[in-house]
Amino acid sequence: MAEPVVILTGAGVSAESGLGTFRDKGGIWARFDPARLATPEAFAADPAQVHTFYNLRRANCLDAAPNPAHHALARLGRDWPGEVVLITQNVDDLHERAGSTGVIHMHGRLARALCAACAHRWDAPREMRPTDRCPRCGETATRPDIVWFGEYPYHMDRIAAAVARAGLFAVIGSSGQVYPAAGLVGEARAAGARTVEINLEPSARADAFDDALYGPASETVPHWVAGLLDGG
Ligand code: OAD
């Protein structure tokens, strides 16, 4: 049986689909202040403003299409003779639309709504509003199901278990600046995995990887996947 491959993707994998990254020049956090949009305190202070921001991002996501990097990762999931675990920090659904299954969304999903009062989750409408009521408890505490700054990422137990059994651990298109995601490469290495960074340029954690592949994800990822499937 082939070794388990565990992959963590970030905004860079969706960049060529037209969804902005966060920390690159002109990125989302250069144009919008995360303290006013991506914290529980910001939502409590001005839910309409936070909904407007995520409604725009949801619309961008619905208009976007998966690129060759997403398609190549879906192919790896189908054709690799061992386990493939795909973890993403992305809140878009481009991995799923390319055909990947069982994607672990550690920072939540634009496509889902969460009730801040009772923790019920359901499919988000295209446009969310502060007056939306939770279909279970009826409160008007409906928020995007996104992990904000100061909140703990989802599925960390499953992620830690997957990283611990990885034979190969790859991080694709992530700046390595947001923890705990950025720390997973250290855990993978400590557990004995070979590690590879795939990015446009060296990330903040570049020194933590055994191997690197630099260039646009739409080119590097299909090349990397083809090499793995060919036994290279
Ligand atoms: P960043 O915006 O911090 O980093 C994007 C990375 O993608 C950078 O290292 C770029 O070099 C790389 N990149 C850009 N274009 C690329 C391309 N075409 N091909 C390959 N790589 C490319 O995004 P993340 O690391 O994903 O959190 O950010 C982590 C988290 O910070 C996000 O999940 C988000 C944000 O706050 C939440 O929304 C909760």
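**A friendly note on the domains and the ligand**

1. Let's start with the overall layout. The protein splits into domain 1 (1–19 + 66–107 + 153–232) and domain 2 (20–63 + 109–146). In their contact, 15 residues belong to domain 1 and 14 residues to domain 2. Please keep in mind as you read that this is a predicted model.

2. How far apart are the C-alpha centres of domain 1 and domain 2? The distance between these centres is 25 Å.

3. Now find the ligand. The space it takes is the largest pocket. Both domains help to surround the ligand: domain 1 and domain 2 each give at least three residues to the shell.

4. Which residues come nearest to the ligand? Out of the 24 residues around the ligand, they are Phe-22, Arg-23, Ser-174, Ser-175 and Asn-199. By type, the shell holds 10 nonpolar, 10 polar and four charged residues.

5. Next, take a look at some polar side-chain atoms beside the ligand. Ser-175 has one 2.6 Å from an oxygen atom of the ligand, and Ser-174 has one 2.8 Å from a ligand oxygen atom. For Glu-16, the partner is a nitrogen atom of the ligand, and the distance is 2.9 Å.

6. How much of the ligand's accessible area does the protein cover? On its own, the ligand has 800 Å² of accessible area, and the protein covers 95% of this.

Notes: Residues are numbered from 1 along each chain as its sequence is written. This is a predicted model: local features need pLDDT of at least 70, side-chain atom pairs count only at pLDDT 80 or more; totals for chains, interfaces and linings use all residues. Side-chain values use heavy atoms; hydrogens and water are left out. A residue is near a molecule or strand if one of its heavy atoms lies within 4 Å of it. A polar contact is a pair of N or O atoms within 3.5 Å; within protein, one must be able to donate a hydrogen and the other to accept it, and residues adjacent in sequence count only if both atoms are side-chain atoms. Accessible areas come from the Shrake-Rupley method with a 1.4 Å probe; for residues, only the protein chains shown count as cover. On a 1 Å grid over the protein atoms alone, a cavity is a set of points where a 1.4 Å probe fits but cannot get out, and a pocket is an open set with protein on both sides within 12 Å along at least five of seven lines; lining residues have an atom within 4 Å of a point. A molecule sits in a cavity or pocket if more than half of its atoms lie within 2 Å of its grid points. Ala, Val, Leu, Ile, Met, Phe, Trp, Tyr, Cys and Pro count as nonpolar, Asp, Glu, Lys and Arg as charged, and the others, Gly among them, as polar. Domain bounds come from an automatic or database domain assignment. Contact means heavy atoms within 4.5 Å.
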